[in-house]
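Here is a short set of exercises to work through with the sequence and the model open side by side. Try each task yourself before you read its solution.

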Amino acid sequence: MTGIRGRKAEHIDICLTERIAPDNCYWDDIRLMHNAMPEIDMDDIDMTADVLGKKLEFPLIVTAITGGFPGAKKINENIAKACSELGIGMGVGSERAGVTGVDPDSYSVIKDYDVPLVIGNIGAPQLVRQKSKDMFSPEMVGQAKDLIDADYVAIHLNFLQEVVQPEGDRNGKGIRDAIRGLAREYPLIVKETGAGIDAYTAERLKGIGIHGIDVAGMGGTSFAAVEMYRASAIGDDVQTEMGNTFFDWGIPAPVSLQEAKCSKLPLIASGGILDGTHVASAIAMGAAAAGCAHAVLREATESAEAVKKKLSLFKEELKVAMMLTGSANIKDLAKARYIVLGETRDWMEGMRWTQNSI
């Protein structure tokens, strides 16, 4: 495959076969405080959550993974079926391909399933003029929403990926105004893609009409790493070294969650969420929901049942964490005590001494 189809397929293959995440999982630095005498019956724990105005059976979203090449249809269908049966949210990968007529059914297949929260996806770089490339019109964003009957469209900020990608889009001028304009017409959230949202960016997103932020911090898939492997495969030594240099660039996901609270918007905590204890930690730290992607990618290439089995384990781990913190419901879990250790604590303490702070 060539063009956008080939690139999408390469992304999935790399994520399945190469090391694409930093060595440290920052969510492991968040430890919930054990409650030795919880006054609750585990059978009565209520895990339902209101996330962006939708009721989820537990606060988890399988965030953007793929679309736009033939193999993506199976992946998205397997995820959609599992999310529908479990009553949780789902996002899709960048819809630029589908909107321009490249394998649109690899996205629209999710309309066959009753997923309670559906999130579309358009790249922020496509909202402003790039060299020799047309901009996405507001109508095209509407097409992306309609393609999957999305409740929201995520505008993704992926400039780390773009500066490493050999064919990347590197103009960021005017993006905030473009998002502000689109937010008057469509329900939007804004998400990063693995490098995190800082307080400065969160402040700039506040008050422009978006409904939430997916912080997508460092600790999960590094798209600098993904593009590094692609650049290496075509012999682009400069971009290969660029990917290596910026492999672990970004803000750790828990730190980004703390930073983004200043927006006062509902927050999705993604970036290295690998199990139900990470979900619980994210909720305790102030997220409305957690998001995972790579954690279910291999299962999504196999079957819907494999995805459901993995996500059901997340659910049970979350329930145990709620029991052991004395949390009868998600509101209680949001008040659970926790401590921060290791490199994540170093980051948080270091943020107090950030030079040129906002």
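## Exercise 1: Two unusual backbone angles

Find where Ala216 sits in the chain, and decide whether Ala216 is buried or exposed.

**Solution.** Let us start with the ground rules. This is a predicted model, in which local features need pLDDT of at least 70 and side-chain atom pairs count only at pLDDT 80 or more, while totals for chains, interfaces and linings use all residues. Residues are numbered from 1 along each chain as its sequence is written, and side-chain values use heavy atoms, with hydrogens and water left out.

*Step 1.* Ala216 is in the loop between β9 (213-214) and α9 (223-233). Helices (H or I, at least four residues) and strands (E, at least two) are DSSP runs, numbered from the N terminus.

*Step 2.* Ala216 is buried, at 5% relative accessibility. Buried means under 20% relative accessible area, exposed over 50%, and partly exposed in between (1.4 Å probe, protein chains only).

*Step 3.* Now look at the backbone. Most residues other than glycine have a negative phi. Ala216, although not a glycine, has a positive phi of about 40°.

*Step 4.* Leu52 is another non-glycine residue with a positive phi, of about 55°. The loop between β2 (49-51) and β3 (54-56) holds Leu52, and a relative accessible area of 12% makes Leu52 buried.

## Exercise 2: The pockets

Which residues are the closest to the centre of the largest pocket, and which element gives the most to its lining?

**Solution.** *Step 1.* The largest pocket contains about 870 Å³ of space. On a 1 Å grid over the protein atoms alone, a pocket is an open set of points with protein on both sides within 12 Å along at least five of seven lines, a cavity is a set of points where a 1.4 Å probe fits but cannot get out, and lining residues have an atom within 4 Å of a point. Grid points are joined across faces, edges and corners, and a volume is the space filled by probe spheres set on the points.

*Step 2.* The lining of the largest pocket counts 48 residues, and Ala64, Ile65, Thr193, Thr221 and Phe223 are the closest to the centre.

*Step 3.* Helix α1 gives the most to this lining, with 6 residues. At least two residues each come from α1 (3-17), α6 (159-164) and β11 (289-292).

*Step 4.* Sorted by class, the lining of the largest pocket has 17 nonpolar, 24 polar and 7 charged residues. Here Ala, Val, Leu, Ile, Met, Phe, Trp, Tyr, Cys and Pro count as nonpolar, Asp, Glu, Lys and Arg as charged, and the others, Gly among them, as polar.

*Step 5.* Turn to the second largest pocket, with about 570 Å³ of space. Its lining has 19 residues, and the closest to the centre are Leu157, Phe159, Glu192, Asp198 and Thr201. By class, this lining has 13 nonpolar, 2 polar and 4 charged residues.

## Exercise 3: The cavities

How many cavities of 30 Å³ or more does a search of the whole structure find?

**Solution.** *Step 1.* The search finds 2 cavities of that size.

*Step 2.* The largest cavity holds about 70 Å³ of space. Among its 13 lining residues, Thr63, Ala64, Gly91, Ile119 and Lys191 are the closest to the centre. Strand β6 gives the most to this lining, with 3 residues.

*Step 3.* The second largest cavity holds about 40 Å³. Its lining includes Pro22, Leu160, Phe246 and Trp249, and by class has 7 nonpolar, 5 polar and no charged residues.

## Exercise 4: Salt bridges

Which parts of the chain does the pair of Arg5 and Asp103 tie together?

**Solution.** *Step 1.* Arg5 and Asp103 form a salt bridge, with the closest N and O atoms 2.5 Å apart. A salt bridge is a side-chain nitrogen of Lys or Arg within 4 Å of a carboxyl oxygen of Asp or Glu.

*Step 2.* Arg5 lies in helix α1 and Asp103 in the loop between α3 (96-99) and α4 (105-108), so the pair ties together parts that are 98 residues apart in sequence.

*Step 3.* Arg5 is partly exposed at 33%, whereas Asp103 is buried at 14%.

*Step 4.* Glu10 and Arg230 also form a salt bridge (2.7 Å, N to O). This pair links helix α1 with helix α9, 220 residues apart. Both residues belong to a network of salt bridges that links Arg7, Glu10, Glu167, Glu227 and Arg230.
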